[in-house]
4 protein chains.
Amino acid sequence: MTLASTQVRTAPSSDHVTIAYIGGGSRQWAPNLIQDLAQSELDGEVRLYDAHPESAERNARFGNWVQEQDGAVAEWSYEATDTLETTLTGADVVIISTQYDPAETFVHDLDVPKEYGIYGAVAATIGPGGILRAMRTIPQYREFAAAIAEHCPDAWVFNYTNPVHFVTRALYDEYPGINAIGLCHEVLGTRHRLARYAREELDMDAERSDVSVNVKGINHFTWVDEARCQGVDLWPVLEELRDSEHGHRRFTPEEIEGESVFVDNWQVTWELFRRFGVLPAAGDRHLIEYATWFMQGGREELNRWGVKRTGSDYRAKHWTPAESDQTTDVEAWLEGEKEFELTESNETFVDILRALVGEGTYTTNVNLPNVGQVDGLQEDAVVETNALIRAGEVKPIAAGGFPRPVESLIRGHVDTIETVIEASRTGDVDAAFEGFLIDQQVRTLGTEDAREMFAELIVAEEGYLEGWDLEGSAVLEESEAFA
Amino acid sequence: MTLASTQVRTAPSSDHVTIAYIGGGSRQWAPNLIQDLAQSELDGEVRLYDAHPESAERNARFGNWVQEQDGAVAEWSYEATDTLETTLTGADVVIISTQYDPAETFVHDLDVPKEYGIYGAVAATIGPGGILRAMRTIPQYREFAAAIAEHCPDAWVFNYTNPVHFVTRALYDEYPGINAIGLCHEVLGTRHRLARYAREELDMDAERSDVSVNVKGINHFTWVDEARCQGVDLWPVLEELRDSEHGHRRFTPEEIEGESVFVDNWQVTWELFRRFGVLPAAGDRHLIEYATWFMQGGREELNRWGVKRTGSDYRAKHWTPAESDQTTDVEAWLEGEKEFELTESNETFVDILRALVGEGTYTTNVNLPNVGQVDGLQEDAVVETNALIRAGEVKPIAAGGFPRPVESLIRGHVDTIETVIEASRTGDVDAAFEGFLIDQQVRTLGTEDAREMFAELIVAEEGYLEGWDLEGSAVLEESEAFA
Amino acid sequence: MTLASTQVRTAPSSDHVTIAYIGGGSRQWAPNLIQDLAQSELDGEVRLYDAHPESAERNARFGNWVQEQDGAVAEWSYEATDTLETTLTGADVVIISTQYDPAETFVHDLDVPKEYGIYGAVAATIGPGGILRAMRTIPQYREFAAAIAEHCPDAWVFNYTNPVHFVTRALYDEYPGINAIGLCHEVLGTRHRLARYAREELDMDAERSDVSVNVKGINHFTWVDEARCQGVDLWPVLEELRDSEHGHRRFTPEEIEGESVFVDNWQVTWELFRRFGVLPAAGDRHLIEYATWFMQGGREELNRWGVKRTGSDYRAKHWTPAESDQTTDVEAWLEGEKEFELTESNETFVDILRALVGEGTYTTNVNLPNVGQVDGLQEDAVVETNALIRAGEVKPIAAGGFPRPVESLIRGHVDTIETVIEASRTGDVDAAFEGFLIDQQVRTLGTEDAREMFAELIVAEEGYLEGWDLEGSAVLEESEAFA
Amino acid sequence: MTLASTQVRTAPSSDHVTIAYIGGGSRQWAPNLIQDLAQSELDGEVRLYDAHPESAERNARFGNWVQEQDGAVAEWSYEATDTLETTLTGADVVIISTQYDPAETFVHDLDVPKEYGIYGAVAATIGPGGILRAMRTIPQYREFAAAIAEHCPDAWVFNYTNPVHFVTRALYDEYPGINAIGLCHEVLGTRHRLARYAREELDMDAERSDVSVNVKGINHFTWVDEARCQGVDLWPVLEELRDSEHGHRRFTPEEIEGESVFVDNWQVTWELFRRFGVLPAAGDRHLIEYATWFMQGGREELNRWGVKRTGSDYRAKHWTPAESDQTTDVEAWLEGEKEFELTESNETFVDILRALVGEGTYTTNVNLPNVGQVDGLQEDAVVETNALIRAGEVKPIAAGGFPRPVESLIRGHVDTIETVIEASRTGDVDAAFEGFLIDQQVRTLGTEDAREMFAELIVAEEGYLEGWDLEGSAVLEESEAFA
């Protein structure tokens, strides 16, 4: 470990925080942010940058409009920007949350593997679809990292884009001095559920913020080995639930059918807890893509564990900005068609920002390169643990290691991630295929099927794979799909 | 690393080597050994110990008879022994090569997983069958190790029993001061084949002993990254063969049908070499159980790569001593029904022994706990590399590391092995199941199928699982098969 | 790293905290604690245990008396106890802060090495005197750890006794499940001084709690590579001071003579900062015993750097309870001879305790076994970093590593510490001497001088070295002093 | 560890080996080599390159003359070359053994530290003089490595130049694909002495080649933990000698006075063996510069251990080619003034070369980057262990680790070496001083003395420190000597 003295930086000032928001045309997250900022004790400006400039414009309009509404106590101004340079120059904070690829790519991420019997539930962050998504995303994020190095090298960078581990790792790989953290909701969800158990089982008056966990792993495959609510050890409660009927529910496809794709019945969680003695802290639909044996029985097996597969039609619909119902109703508010009331989201961004500028301290889970906070995983791999956030600093908390079988599973995924990251330095598709081939989901296929699936995915998403040398690939040349 | 000063031992004397042979009733290996010894420059005695005393008696008779035949230049005497104590006391060398379990257990090792779609070719050393075999074998070998510690703590121990990595690891785990090496033919086979390529492609006059390789890995999943024949680099030859038609052959089930189960067409080898840039050095039928994606297409896919599955009927037949045709014809010779001629085997045992007693040096591949000879794998795991053998010492040769995807695969298997070894200390079946569940073959099953397969195997082989606490297992209790 | 699931414990309740105080007869620290508790928002009881029961009685009297004074808002009761069992049973918190050895031992710690030209300034925690002190202390602390394991296995243990690294390590070595932290003021002093620089150089309104540092190392040899005051990076200020006259002061013996032995002129600090680029965070008089080249010129060289040697006469005087003027005036207060006014100390104990019972969070430097918080030092060595303290948990913050020369120095000291700890398991004096001989101060002596110095120290302190097998030592047998 | 596939090379042919000899004007080693080659079974040519061309010419003449003498069975031709390019192009083997610096530099290496109380015996490879020697040598060897990379990238490079660890490390640091080994006589000397003990104590008929040792460490600070003679364990003999009078001899200055500077009484060896349980395998005069406590009592203490200090006058005389009596009498032979008889040296070069071209195998100690052969030291550091040499390959033998105190000592020296090597990449004098300051000998000085000594050495040897940025150094600027 060498010293990264460039990372000793003065905290942003709470009087005027300059936020650059790449992907600022978002229909859901941006309006939430705007409302949270308006109710905060911080002031500043937000620059919204998006591949769809009109979305950024709309959000800028909304942001400035919110400032005039009841309950808006902070002073913020918004503008849409049209180059990375103008967006980033002088920024204290950069938010990156993009989804440039059209929905069809996500459809391929799910549907092509399905043809080969791989029933990923979301294909978001690992497995064949997750790796392809990483391959599409990494080159873009290398560009963002390079632009940050040039225009605002000391800025705090918040990455919300999936696959969070691949993407955050790519940011550091491109610009090692970057001050980036990857953020994700899954562990927050676990704490939320643990608060519920504290209320139900211990009759405590508890909410998410009362629950503290010792958390570690990689994003979407994190594990908890200590949990407390207001200092009360929750382990006995969890063990009891795990061993009770509550931890042994089975579901039929019919029971699952009407549920939202986000339904989380925790049966995968309980099963893994039973098996390994530590509690996984991510949604079941994500866990199965890392503990791949849950995927082997197809849809029925998934359903039996209470997991619903994100149909590719759902994805196609919801990730198309225009039709998504995951959005908030900005236009209706602006037009006065719908009554507006300032609300606070559950997001932690403003909490983190407040601590970073020096207003108190805050502890939450973040994704950062491993400098020792997770034992047993290699240095520099992007891992997820709690971090202490104070004025001008985010410090990961040393969380220890894992039971060997869990460590083995995680290291296997880290090997895939690191292999693809290395391959992405030169755009070497065959080197990326080495990582693809050792992925736990892909390994269920024969060699030729794996190659064909890879080639099919590449062919289907060819237009979004800039930065990869498709022509020079021996693997693709051997495949039928590409030839 | 602490010093193992107890391992500084005087070499056995070549004038009288006392060999204890556990499993000495073998019909194939023992007669070979007897003939090799008779033609060596060493003298001594051999004690034959076997679960079938009559087999040991027969081989003792044969051994003493061979001494009187033409060409027998060395002086050796043979006797059958009936306790470990009398066998081991004062021994310089211990050979362990047993197959106590009845053939039916091996049938289960293959057939039960097959019901679950797992088409291992031999189920000998990894995968569900290999793990069960390890579970049956480890407790016995702990007993052998304890007896060696008591009766001949300084003896050199040669383990030939599979799964070599599990078993050799168990010997060291039970008695850390043991001087044991695990031996296997696979790498010798690779050198044999490389000599053939040197003859065919380079027109060299070459045999196995002319070929040297830099070899590393775990038994049956070793890798070569340097190969020479009489000092000539063979890599260009190998790369050319790999990329030629020779490295791209496909087989139909019909083509394979008539072949021996030992047929090795090297197509798995070439494919792995293509993929990872290093050459695997074990038979294809073993490799596929470690690089499990080759197993995913069932028998047809195996056949397509030129691999023939060892039918369980074959196993049942050949592992029953009486009917096996893998034997030599000891009775016929003794009875004079068949003419006897002293022949030399291809075994390396006498070569190693000669070096150990100080007659020159010898280099060959051995399985030993990792003290640094393999980079990237944990210390103490039993790994396979070359070793230099000299008077009183066997020293592993530092062989370096692996490309990351290969290291990832090997580490995954090491995690399984180490988890089972740890579990075997207390006979904890549930801890062993954790290792079973992360096995690369098992991971292709859903959770419940994995549990049922495990329970079915346990139930089928219950009589041979002494040393395991079957009653105390929560996993078995949950299963249908066991309940 | 295995899971230490026993360490998942419910936080103590703030309504009634039971504190066991071993060494509770202290004249300085105990009265401070009593006053801090009286002004806190916590309630409970304190059991005072001491080798000098009358001192414990006096403090108990004082404690209960304070409860009736103005400003005492919390409810605490005090009693003197006379066995470890009654002291510890049911305790939530254990404070250990003892100085059982009579002053003469400390005189030897300083004077014997001085005869050999080793001019330690305090001989408190490393070097020949520090190692002997460790040898006297470790066996006692093993007893405390065993008693805690028996009587209050889940208690939070605060160790204040030097050598903090040796002693805290011994607690964990004896009872791996202990919940102990080692505490020390040195890093607090550094933060205090940095606050002064922030006031003086940056005109900020700052105090210790405004300064945050990224700190890591071993106790008394910790290093800072990031420092901020209210988020403002202090590094430029520190670099400027370092390179200015302020960082280049020289002192004559005359200038130093009148100073307190605690004087700290930071010239060793600046010199080390210049040399290695990171800022040491302990008093100069401690640093020189780890960066031993500062000690080589004897008293004059020490003085030149502004360091005053703790004369052994000072030690003899101040560590004898009766005469020390490091005490507070408990009797005078109790007798009404002196006016009493409740004051708050600068101690962090109550701050930590408050966080532990769930009243907010707190961050401060602590000594804990390394689970990854310090990169480049071995696991389990007791290291010092910041920790986040919350209800029922103390979690070290991952602080990264060091420039290689600094890591090299620290590892050398860790090797000494670990060697002595290992030796203490069986009381093996010769094994301890191996650690003594590689100590950086001792290494300046010839072999025989080192042996004689060791033997002389052993002989002088023989009465306090219970637990060590002096008779069985070959090293002592060879020496003149012992024979 | 990545694969170094470029290191897979075909062995040189024994029919015609092309040897490039940098430093080929040597008066001692070159004539030995010429005679050894003449009596070998190898043929080829030798190119002699030297900073003193006339010395190379003389040796070439001698080489060709020897070919015509009785007993010269092999065919070798010799020529003096005058550029690195002509010397190296097409070479199979490169010998590097130079001493370009004039004798005065070595005088400074010894005398300047002596002024500061540092009584190194030879100052050859570590300590202030050794580090300066490294600083003079490394830049030259970087040039050699670069030339080898350009003109004969696959050649086998034998480095005999001290400090062997620094220099061999620099070769690999400059050209990572180099096939270099560092060679040294010290371990051979230990085996020679062990053969003597086998003769004297065990009445065996033994010579050096009968003794095998398990050896590991860094050059001049290697350790043996197993030793056998013809397979017979020598440990009991060594322990008995160690504990007897033989291992406890003391010497007066008078007794030492008449001895050669190379006298080796093994008393340092026995003392270290007593202390740490493992046997050091280098001359006592080297060992004391690594186990620096032996140097602390000045000349008298050295003498007491039977070590004689190499007076700088000796060095001045013997390292000036013209006057040295360490030479052989080439001119006298050529002129017929002295009778010539072909003799064999004790050098191992021809033995190694014979194995490398495929004539059998050979095992001896070599210095190579650590790939796991030494446990507990960092990868890539140049370590010394045995290696197995075969056609086209040199493979280090995995030798395990050390008792902790020994590991600690070695790692400390490795830290110095690595720090200086890193500094040499950019010629950063201040970074080199960080390594100098943590050297075990230097650490006995106060800060300012250390700085002055460093500056004095730099000033004295300024003319030979090309490649270092003396002007940009803050350390030198602060010093009095340089200013």
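Biologist: How many residue pairs are in polar contact across the interface of chain A and chain C?

Modeller: This is a predicted model. In it, the rule finds 8 such pairs between chain A and chain C, with both residues at pLDDT 80 or more.

Biologist: Which elements give two or more residues to the side of chain A that touches chain C?

Modeller: They are strands of chain A: strand 7 (211-218), strand 8 (221-229), strand 9 (232-233), strand 12 (382-390) and strand 13 (393-396). Strand 7 gives the largest share, 4 residues.

Biologist: What is that side of chain A like by class?

Modeller: Sort its residues into three groups. There are 16 nonpolar, 14 polar and 11 charged residues.

Biologist: How many residues does each chain bring to the contact?

Modeller: Chain A brings 41 residues, and chain C brings 41 residues. Next, look at area. The two chains bury about 3300 Å² between them. Carbon and sulfur atoms carry 52% of that.

Biologist: How many salt bridges are there between chain A and chain C?

Modeller: Look for a Lys or Arg nitrogen within 4 Å of an Asp or Glu carboxyl oxygen. The count here is 2. One of them joins Glu226(A) to Lys395(C). Their closest N and O atoms are 2.7 Å apart.

Biologist: Now a helix. Is helix 6 of chain B mostly covered or mostly uncovered?

Modeller: Start with the general idea. An α-helix has 3.6 residues a turn, so residues three or four places apart point the same way. Now the case. Helix 6 of chain B spans residues 164-174 and is mostly covered. Of its 11 residues, 10 are buried.

Biologist: Which residues of helix 6 of chain B are buried?

Modeller: Among them are Val164(B), Phe166(B), Leu171(B) and Tyr172(B). The buried list also includes Arg169(B) and Asp173(B).

Conventions: Residues numbered from 1 in each chain as written. Chains lettered and ligands numbered in written order. Predicted model: local features only at pLDDT ≥ 70, side-chain atom pairs only at ≥ 80, totals over all residues. Heavy atoms only, no water. Contact = heavy atoms within 4.5 Å. Buried area = accessible area lost by both parts, 1.4 Å probe. Salt bridge = Lys/Arg side-chain N within 4 Å of Asp/Glu carboxyl O. Polar contact = N/O pair within 3.5 Å; in protein donor to acceptor, adjacent residues only side chain to side chain. Nonpolar A, V, L, I, M, F, W, Y, C, P; charged D, E, K, R; others polar. Buried < 20%, exposed > 50% of the residue type's maximum accessible area, 1.4 Å probe, protein only.
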